[in-house]
Every structure is written in C-alpha cells, then in structure tokens.
Amino acid sequence: MQIRQLSQRYHAPLEERQAQRTDFQNILTGLGFRFQWPEGNSQIWPGTIYIDGAKVYLNDSHEKITLSSAQWRSKGDGSKSINFKIGELLANPKRTKVNLRELVNKCAEQDRLEAQRKKEIDERIKQSTKLDKWVKERINDKSTGRVVDCSGNVEIEIRNQENRTAYTVYYNEQTYEIKVHKFCLRTLNTYDKFNQTRLDELKKEVEEYQTYMNSANNLVTQLRAEYLIN
C-alpha cells in the first residue's frame, strides 16, 4: 500500500490528483477505518477529514501526508500526528494501525469536548436571553442581564433612562455571593491623605454603594423567586 507521486506538484492533471487521494483512502480503509472526505473541492487535499466519524487535521506536502489531532502543532502541546510518505510502501501496517487508532481516539475525545462546550454556550445564550427579558420587564428596557459562564455567574447592568449605567450587579447562583460595581468609589491605600471634605465625600460614596447593595439584594431575592435561576 502506498500513495503514488504526482507528475507535477502544483499542476498535475485532475486524474492524478484524484488517484492520489484514492490511494490514501484505500490505505485507511485497508487498515480497517471508516473514511469520509469533507464536502468541497475534490481537486485539492482538504484541511480536515473524518476517520471513524472523528475530525482529523490533514496537511500535505510533496513528500508526505500528515494526519494530526491539532490544526497548528507546536512542541510540547500534547498533540499527536502520523506521517504517510508519498511514493513509499507502508513500512509497518500494524504499528500504523495502532498509532492511527490512538490518533482517532484523541480526535474523537476532542470532538466530544467541543460538542459539550458548544452545548454549554448554546444553553448560556438561551439563559441569557431569558434573563435579559426578565430584567427588561422588571426594571426597564435599557437595563440588561446575561449569564456570564457555566459556573453560575450572572451579571445585571442597571441603566437609567438616559441609557447610562447606574450600577452593575454580579451574582453567583452557586455561592449566593452578591457584588455591586459603580464607577465612583476610589481605591484607598496607605499613602492617601484626606481632609474633612474628602472624607465626607467618601462617606457619601460608601452610603451610595450601600444603597445599591440593598437594591441588589432585593433584586436577587426577586430574581431567585421569579426567574428560578437556582
């Protein structure tokens, strides 16, 4: 079993290109793997192929065809690859079959994790849409809500009628932690010096923050009761 060489690297006749691809496919099926070309141009080597249903990355050169678990490989990244030399007989079919099985299993696991990640993203988008609708109905049509990640983090941005952010509520539905952010309170450090006027301003800002925190607590209580995020 071998992949035939082309008469020309870039300008070989279509029949030669298709025959070379057929050689490669015959090698894989001969090793006992199910093979599928992606849809598209049949005159060139695709960037990905499907082996036993798993997406495998492919790179071709005038010397070899490389199958890999990563599109862009770098040293130490944990990816796996196999080379099929063009114009040479497959030296050790048994070892190649074992290595290819390991590669396909790795790619199949990557596909599973990618499908899971996509499912989580779709669910987060769905929950964000639901939350945003709830926020607009309960507060105003300028405010927004979104589910940030799969760890239970929720973000609600309260906006006034001028469409400016009044404050933002951060809530974690797993830990029940509530945080509030408003761009007004400066960070204190050991080098600050304050006169009474500045201290009074800070007290006012802290009181304002406390008001927002109280509102955030009430909002989250209502959210948990009506929206049932927990």
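Accessible areas here come from the Shrake-Rupley method with a 1.4 Å probe. With that in hand, welcome to a short tour of this predicted model.

**Figure 1. The surface and charges of the whole chain.** About 15300 Å² of the chain is exposed, and carbon and sulfur atoms supply 48% of that area. Of the 230 residues, 31% are buried. The side chains include 38 positive and 32 negative ones, and the centres of these two sets lie 4 Å apart.

**Figure 2. The fold and its extent.** Three helices and nine strands make up the elements of the chain, and they follow one another as α-β-β-β-β-β-α-β-β-β-β-α. Along the principal axes, the C-alpha atoms fill a box of roughly 85 × 45 × 35 Å. The radius of gyration is 30 Å, whereas a compact globule of 230 residues would have one near 17 Å. If you like contact statistics, here is one: among contacts between residues at least 6 apart in sequence, 37% join residues at least 24 apart.

**Figure 3. Confidence along the chain.** The mean pLDDT is 85, and 93% of the residues reach 70 or more. Which elements mark the two ends of the range in mean pLDDT? Helix α3 (residues 196-226) has the lowest value among the elements, at 86, and strand β2 (residues 48-51) has the highest, at 93.

**Figure 4. Close-up of Val148.** This view settles on the loop between β6 (144-147) and β7 (153-159), where Val148 is found. Val148 counts as partly exposed because its relative accessible area is 28%, between the cut-offs of 20% for buried and 50% for exposed. Leaving aside residues up to four places away in sequence, Val148 touches Arg124, Asn153, Val154 and Glu155. Asn99 is 49 residues away from Val148 along the chain, and the C-alpha atoms of the two are separated by 40 Å.

**Figure 5. Close-up of Asn163.** Here we look at the loop between β7 and β8 (165-172), which holds Asn163. Most residues other than glycine have a negative phi. Asn163, though, has a positive phi, near 65 degrees. With a relative accessible area of 37%, Asn163 is partly exposed.

**Figure 6. Close-up of Tyr176.** Moving along to the loop between β8 and β9 (178-181), we meet Tyr176. What is the phi of Tyr176? The angle is near 65 degrees, a positive value in a residue that is not glycine. Tyr176 is partly exposed, and its relative accessible area is 43%.

Technical notes: Residues numbered from 1 in each chain as written. Predicted model: local features only at pLDDT ≥ 70, side-chain atom pairs only at ≥ 80, totals over all residues. Heavy atoms only, no water. Helix = DSSP H or I, 4+ residues; strand = E, 2+ residues; numbered from the N terminus. Rg over C-alpha atoms; globule rule 2.2 N^0.38 Å. Buried < 20%, exposed > 50% of the residue type's maximum accessible area, 1.4 Å probe, protein only. Contact = heavy atoms within 4.5 Å. Lys, Arg positive; Asp, Glu negative; His and termini not counted. Charge placed at Lys NZ, Arg CZ, Asp CG, Glu CD. pLDDT = per-residue confidence, 0-100.
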